[in-house]
Amino acid sequence: MRRGRLIVVSGPSGAGKDTLIGDALEAIPELALIASATTRRPREGEVNGRDHVFLSREEFDRWIEEGRLLEWAEYSGNLYGTPKQSVDDLLEKGRSVILRIELQGARQIKERRPDAVMVFVRAPSLEETRRRLEGRATETTESVESRMATAIKEIAARDEFDHEVVNGDREQARRQMVETLKRIVAEGGHDARP
Ligand code: 5GP
């Protein structure tokens, strides 16, 4: 059986990654999204194991020590990481796996898994990024500022990615995301070991 592909979707907070990933998951049954581990507290409505695996700082440190994370990074004062076993199990079953991660983690994946495909999602402008962040009820003023500073650094790194999706017009962005990921999935990964 052919292995699935590892797909990194990254881009500044407020770019609309979640919505576009949702569109892709709905349109492409071969895709799976990994619930990453985090020390961030669950937001209202978030489910442990579905949205994220919510860990204490001690548990997260133990996961690092035990080599259970394919990459990890600190973002806005919290730790986030990708559970390695979940990724490899899905890839071996032929599913293509989306990692929705920030830039430092994306760079670690590119180094450790050079066959990963890197997709960058961004809003049409920085003004639009700020507007979207300010419109999010979950963000405090402080975290909008810290996320804006990070967004500027992330946009500067877009050349490190294989594909870019600009999320301005909703329908156009949806189509671009779905078409891009369909092509990536169709290419497939290396053959799985017998
Ligand atoms: P949120 O708190 O909104 O779920 O995620 C905040 C940021 O952390 C987003 O930019 C998201 O892409 C990133 N993130 C989520 N999970 C992971 C992960 O497993 N690893 C890394 N490096 N970043 C992650």
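A residue is taken as buried when its relative accessible area is under 20%. In this predicted model, Val97 has a relative accessible area of 0% and is therefore buried. Val97 belongs to strand β7, which spans residues 96–100. Although Val97 and Leu6 are separated by 91 residues in sequence, their C-alpha atoms lie 5.0 Å apart in space. When neighbours within four places in sequence are set aside, the contacts of Val97 comprise Arg5, Leu6 and Ile7, together with Ala32, Ile34, Val87, Leu90 and Leu91.

Aromatic pairing was examined next. A search of the whole structure returned three aromatic pairs. In one of them, formed by Phe60 and Trp72, the ring centres are 6.4 Å apart and the planes meet at 75°, so the pair is classed as edge-to-face, planes over 60 degrees apart being assigned to that class. This pair links distant parts of the chain, since Phe60 is located in helix α2 (residues 57–65) and Trp72 in strand β5 (residues 69–75), with their positions 12 residues apart in the numbering. The two partners are described by separate accessibility values: Phe60 is buried, with a relative accessible area of 0%, whereas Trp72, at 35% relative accessibility, counts as partly exposed. The rings of Tyr75 and Tyr80 likewise form a pair, with centres 6.2 Å apart and planes at 75°, so this arrangement is also edge-to-face. Both Tyr75 and Tyr80 are buried. A further arrangement involving an aromatic ring is found at Trp63, where Arg68 lies over the ring face at 3.9 Å from the ring centre.

Tyr80 also takes part in the surroundings of the ligand. Of the 15 residues around the ligand, those that come nearest are Ser36, Arg40, Glu71, Tyr80 and Glu102. A polar side-chain atom of Tyr80 is placed 2.4 Å from an oxygen atom of the ligand, while a nitrogen atom of the ligand lies 2.7 Å from an N or O atom in the side chain of Glu71. The backbone is represented by Thr82, a polar backbone atom of which is 3.5 Å from an oxygen atom of the ligand. Taken alone, the ligand exposes 510 Å², and the protein buries 97% of that area.

Two further residues are associated with strand β4. Thr39 is situated in the loop between β3 (36–38) and β4 (52–54) and, at 15% relative accessibility, counts as buried. A polar atom of the Thr39 side chain lies 2.9 Å from the backbone nitrogen of Leu79. Beyond its neighbours within four places in sequence, Thr39 is in contact with Leu55, Ser56, Arg57 and Phe60, as well as with Asn78 and Leu79; Phe60, as described above, is also a partner of Trp72 in an edge-to-face pair.

Phe54 is found in strand β4 itself, and this residue, at 15% relative accessibility, likewise counts as buried. With neighbours within four places in sequence again left aside, Phe54 is in contact with Thr38, Arg40, Arg41, Pro42, Glu46, Val47, Asn48 and Glu59. Among these contacts, Arg40 is also one of the residues that come nearest to the ligand. Phe54 and Ala106, by comparison, are 52 residues apart in sequence, with a C-alpha to C-alpha separation of 20 Å in space.

How values were computed: Residues numbered from 1 in each chain as written. Predicted model: local features only at pLDDT ≥ 70, side-chain atom pairs only at ≥ 80, totals over all residues. Heavy atoms only, no water. Phe/Tyr/Trp six-rings, centres within 6.5 Å; stacked < 30°, edge-to-face > 60°. Helix = DSSP H or I, 4+ residues; strand = E, 2+ residues; numbered from the N terminus. Buried < 20%, exposed > 50% of the residue type's maximum accessible area, 1.4 Å probe, protein only. Lys NZ or Arg CZ within 6 Å of the ring centre and 35° of its normal. Near = heavy atom within 4 Å. Polar contact = N/O pair within 3.5 Å; in protein donor to acceptor, adjacent residues only side chain to side chain. Areas by Shrake-Rupley, 256 points an atom, 1.4 Å probe, with all protein chains shown as cover. Contact = heavy atoms within 4.5 Å.
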